[in-house]
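Got the viewer open and a selection box ready? Let's take a walk through this one, a stop at a time.

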Number of protein chains: 2
Amino acid sequence: MSRRTRSDNSIQGIPEATIARLPLYLRALYALADRDTACVSSEELATAAGVNSAKLRKDLSHLGSYGTRGVGYDVDYLIYQVSRELGLTQDWPVIIVGAGNLGRALANYGGFATRGFRVAAMIDSDPLIIGTSIGGHRVFGPDEIERVVTRFGVMIGAITAPATSAQSVCNRLVAAGVTSILNFAPVVLTVPDGVDVRKVDLSIELQILAFHAQRRSASKAHPTAEPPAVNGCEPPSVNGKRPVTQQVTRQAHDEVTAEAIGS
Amino acid sequence: MSRRTRSDNSIQGIPEATIARLPLYLRALYALADRDTACVSSEELATAAGVNSAKLRKDLSHLGSYGTRGVGYDVDYLIYQVSRELGLTQDWPVIIVGAGNLGRALANYGGFATRGFRVAAMIDSDPLIIGTSIGGHRVFGPDEIERVVTRFGVMIGAITAPATSAQSVCNRLVAAGVTSILNFAPVVLTVPDGVDVRKVDLSIELQILAFHAQRRSASKAHPTAEPPAVNGCEPPSVNGKRPVTQQVTRQAHDEVTAEAIGS
DNA sequence: TAGATTGTTAATCGATTAACAATC
DNA sequence: TAGATTGTTAATCGATTAACAATC
C-alpha cells in the first residue's frame, strides 16, 4: 500500500519540463553505473546532471518514490525506472527522410542503435541515391514511405529534407501512421492533433547565441543611434523612408538547417 | 519623446523565452518579404510563426513599439529591428571543433554564410584531416585554436567533437576567448561565468519523442506489472533482488550525439 | 538514538493568455 | 467618425526553489 506512489502523479501528468530532463538524469546515472557506483544522493546526481538537487528530487517524485530517505537512490534501480518511464525498454524503429549531409550524419550515428533506437530505413528523392546504402541502411524513394512505415511499425520519423519539401514529407509520414516527428527543417510544420513534433533548428540556436554575444560585447559598442523612423506600412505619409534592410541578408532565409546542413 | 519606448524594456531585460522566439518571427517575416508583403498584422505573423497573437505582441513589445495601431507592422522595418536586436546586423565568425560527420554537415551548411554567420575555421585532431579543406574551409589542428580565435576575433564556437574530448575542447575555446558555445556533445559542460552554452542533443530529443510515443500507444499496452522491489542501495536486506537493467542497453550511453553523429 | 537524505509543501518567480483601453 | 489593431494590464498557469517534516 505504500510502494505504489507511482500511480498518484504519473498516470496522466508528468510536466514537460521534467520529461525533458529525464534523459539528462539517465545519462548521469549510466556514467555512475560505469564507475560501479551503486548508490547516489540527490545532491550528487543533480551535480552530475547540471541541475540543483531540489529540482531533481521534485522531478523524480513525479515518477514515484524510488529513493530511500537517509540513504539515496539505487543507481541500477533508478536507471530501470527512468528508462521505463521514457519508453526506452522497447525498440524504436526510426525512418530518416532526406539523405543529405545531416541525414547521413544521423544514419551513421553510433549511439542510435545502442539507445533503443534503430534506423528502419532512409528515404531520398534523388534517383542517384535510391538503392544505395548509407551507414548500412538501404535508401528508398519517397513512394516507399508508406510501405516502410507499415512493414516496420515505425512511429518515429526524422525529417532531414530541404525546407521546401518538409511539409509534404511530413504529410506523407503522418498519413502512413508516424505520430512522432523530429524536424530538422527550418519550417513550422502543421500536423493533426495527436502528432508530436520536436524541432532541432541550428539556425535558431546560433541566433540566440549571437544575441548574447552581442550583449556581452555591447557594454560600449551598442549603437544608440536612433532606428529609422517608423512609417507604418501604408497609412499616412508616402515618402517615409524605408529602413536599410540590406545589411541583413534577405534572400534564402528559408533553406536553412535541414537542407541547410545537407545540400 | 514617444518613439523610444525601447529603452524602457529592452536595455537589460528581454525574457529568454522571447529571445528564443525572435528567430522564428524573423524567418516568418523574411517569407512575407519574399512574397512582397509590405505590412502584416500580429494575427497573421503569429500564425505564420506558429504562436498565438497575444504572445507575439507581448514579445515584440519588449523590443519597442514598432507597430501601428489599427494597421499592423511594416515588414521591412520589423525585419530590421528584430535583426538588430538579435545582433544579426554584424558578421559572426564561428569556429567548428570536430570534423566528423556533424562538423562537416555544419561546415557545408549553406544558410550559414547568408545568415551573418561565417565559418572561420575547422579544427580536428586527426593528422590525416588536418591541412585538408572541408566545404571550402581549412582544417587546423587543436593547437591552432588560440591562433584562429585571436586572428579572426571568433566569439562563437561549435563543438562537434566526441563527448570524451568535449570538455577539454571547451576549456581551450574559453581560454582563447570564445564566450558563446554551441555544444553538440552529450555532456554537461562546465564553464566560467560569462560564458554562454547552448546544447543540441539529438539523443535527448529522440528520448522525449519516445516518451510521448509510448504514451500514445500505452492506452492498453502499458505493463502495469509491479516494478522490481526497491532495495535501497545498501541499507537493510542484502538479498533484495536487483531489477533487470539488461533490457536497457547499458554500455555507451556517453558517446552519443556528437561523435555520435560524426565518428 | 543521532545523522542523513528523501519526498512534499508552500512561497516565489517567470511565462502565457485574455481582454481592453489607447490610438491609428 | 467607425473600424481595426496595437501595446499593456491583470489574471492564470506552470515551473523553480527553499525549507522541513517524514523516515530510513
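Start by selecting Arg118(A), which is partly exposed because its relative accessible area is 38%, inside the 20% to 50% window for that label. Now add Asp91(A) to the selection: this residue is partly exposed too, at 41% relative accessibility. Draw a distance between the two side chains and you get a salt bridge of 2.6 Å, N to O. This pair ties together distant parts of the chain, 27 residues apart. Arg118(A) sits in strand β5 (residues 117-123), while Asp91(A) is in the loop between α5 (75-86) and β4 (92-97). Keep in mind on every stop that you're looking at a predicted model.

**Across the chains**

Next, pick Glu205(B) and Arg198(A). Their side chains form a salt bridge at 2.5 Å, N to O. The contact runs between chains, from helix α10 of chain B to strand β10 of chain A. Buried or exposed: what is Glu205(B)? Glu205(B) is buried, because its relative accessible area is 14% and the label applies under 20%. Arg198(A), at 21%, counts as partly exposed.

Now select Asp201(B) together with Arg27(A). Here the N to O distance is 2.8 Å, and again the side chains meet in a salt bridge. This one also crosses between chains, from the loop between β10 and α10 of chain B to helix α2 of chain A. Both Asp201(B) and Arg27(A) are buried. If you want to hunt for others, the count over all chains is 14 salt bridges.

**The largest pocket**

Leave Arg198(A) and Glu205(B) highlighted, since both are among the residues nearest the centre of the largest pocket. Add Lys199(A), Glu205(A) and Arg198(B) to complete that central set. How many residues line the largest pocket? The lining has 47 of them, around a volume of about 1,300 Å³.

Colour the lining by class and you should find 28 nonpolar, 4 polar and 15 charged residues. Then colour by element. On chain A, α2 (16-34), β10 (196-199) and α10 (202-216) each give at least two residues to the lining. On chain B, look at α2, α3 (42-49), β10 (196-199) and α10 (202-216), each of which also supplies at least two. The largest share, 7 residues, comes from α2(B).

**Over to the DNA**

Select DNA strand C and expand the selection to the protein around it. You'll pick up 26 residues, with Ser42(A), Lys58(A), Gly67(A), Tyr73(A) and Arg21(B) coming nearest. Of the strand's atoms that come within 4 Å of the protein, 64% belong to sugar and phosphate.

Zoom in on Gly67(A): a polar backbone atom there is 2.8 Å from a phosphate oxygen of DNA strand C. Tyr66(A) also has a polar backbone atom by a phosphate oxygen of the strand, at 3.3 Å. For a base contact, go to chain B and select Arg69(B), where an N or O atom of the side chain is 2.9 Å from a base nitrogen of DNA strand C.

Which elements make up this surface? Each giving at least two residues are α4 (53-61), β2 (67-68) and β3 (72-74) of chain A, plus α2 (16-34) and α4 (53-61) of chain B. The largest share belongs to α4(B), with 4 residues. For a last colouring, go by class: the surface near DNA strand C has 6 nonpolar, 11 polar and 9 charged residues.

Note on methods. Residues are numbered from 1 along each chain as its sequence is written. Chains are lettered from A and ligands numbered from 1 in the order in which they are written. This is a predicted model: local features need pLDDT of at least 70, side-chain atom pairs count only at pLDDT 80 or more; totals for chains, interfaces and linings use all residues. Side-chain values use heavy atoms; hydrogens and water are left out. A residue is near a molecule or strand if one of its heavy atoms lies within 4 Å of it. A polar contact is a pair of N or O atoms within 3.5 Å; within protein, one must be able to donate a hydrogen and the other to accept it, and residues adjacent in sequence count only if both atoms are side-chain atoms. Ala, Val, Leu, Ile, Met, Phe, Trp, Tyr, Cys and Pro count as nonpolar, Asp, Glu, Lys and Arg as charged, and the others, Gly among them, as polar. On a 1 Å grid over the protein atoms alone, a cavity is a set of points where a 1.4 Å probe fits but cannot get out, and a pocket is an open set with protein on both sides within 12 Å along at least five of seven lines; lining residues have an atom within 4 Å of a point. Grid points are joined across faces, edges and corners, and a volume is the space filled by probe spheres set on the points. A salt bridge is a side-chain nitrogen of Lys or Arg within 4 Å of a carboxyl oxygen of Asp or Glu. Buried means under 20% relative accessible area, exposed over 50%, partly exposed in between (1.4 Å probe, protein chains only).
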